Amino acid sequence: VDIFEDYRKDPKAQAKETNELVRIYEKSRLKYFYAVARCDSVATAAHLYNQCDGAEYGRSGNTFDLRFIPNEVEITNPVRDSATEVSTPVAG
């Protein structure tokens, strides 16, 4: 029995399945990451939320799922990375 017979007959089906497997793999790598942004005002937080919630991350098929965290919530996990300003892109 040739288990690859269907793929040889239909290369598009093979490409589609390969793309789906890569997407599943990439999604599994991203699902545990999160970030917390502290904003200077409610207006800034609302603007970020309105612009980014539901936006696709790159071409991954994954979207940002933003949430507001009340000020009373204490975040106990150690900070891994931190930024206080936006870096200027380098022209290439």
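Colleague: What is the relative accessible area of R23?

Modeller: This is a predicted model, in which local features need pLDDT (the predictor's confidence in each residue, from 0 to 100) of at least 70, side-chain atom pairs count only at pLDDT 80 or more, and totals for chains, interfaces and linings use all residues. Residues are numbered from 1 along each chain as its sequence is written, and side-chain values use heavy atoms, with hydrogens and water left out. A residue is buried under 20% relative accessible area, exposed over 50% and partly exposed in between (1.4 Å probe, protein chains only). R23 is partly exposed, because its relative accessible area is 31%.

Colleague: With which residue does R23 meet in a salt bridge?

Modeller: A salt bridge requires a side-chain nitrogen of Lys or Arg within 4 Å of a carboxyl oxygen of Asp or Glu. The partner of R23 lies three residues away, about one turn along helix α2 (residues 11-30); helices (H or I, at least four residues) and strands (E, at least two) are DSSP runs, numbered from the N terminus. This partner is partly exposed, with a relative accessible area of 36%. At 2.9 Å from N to O, the residue that R23 meets is E20.

Colleague: How many salt bridges does the count come to?

Modeller: Besides the pair in helix α2, R67 and D65 meet at 2.7 Å, N to O, and both are exposed. R80 and D81 are also joined, with their closest N and O atoms 3.3 Å apart; these two residues are exposed as well. The count of salt bridges comes to three.

Colleague: Which element of the chain has the highest mean pLDDT?

Modeller: Across the chain the average pLDDT is 83, and 87% of the residues score at least 70. Helix α1 (residues 5-9) has the lowest mean among the elements, 66. Where pLDDT is low, the predicted coordinates should not be read in detail. The highest mean, 94, belongs to helix α3 (residues 42-52).

Colleague: Which element gives the largest share of the lining of the largest pocket?

Modeller: A pocket is an open set of points on a 1 Å grid over the protein atoms alone, where a 1.4 Å probe fits, with protein on both sides within 12 Å along at least five of seven lines; lining residues have an atom within 4 Å of a point. The largest pocket is lined by 38 residues, with Y34, A35, V36, A37 and I69 nearest its centre. Two elements, α2 and α3, give two or more residues to this lining. The largest share, five residues, comes from α3.
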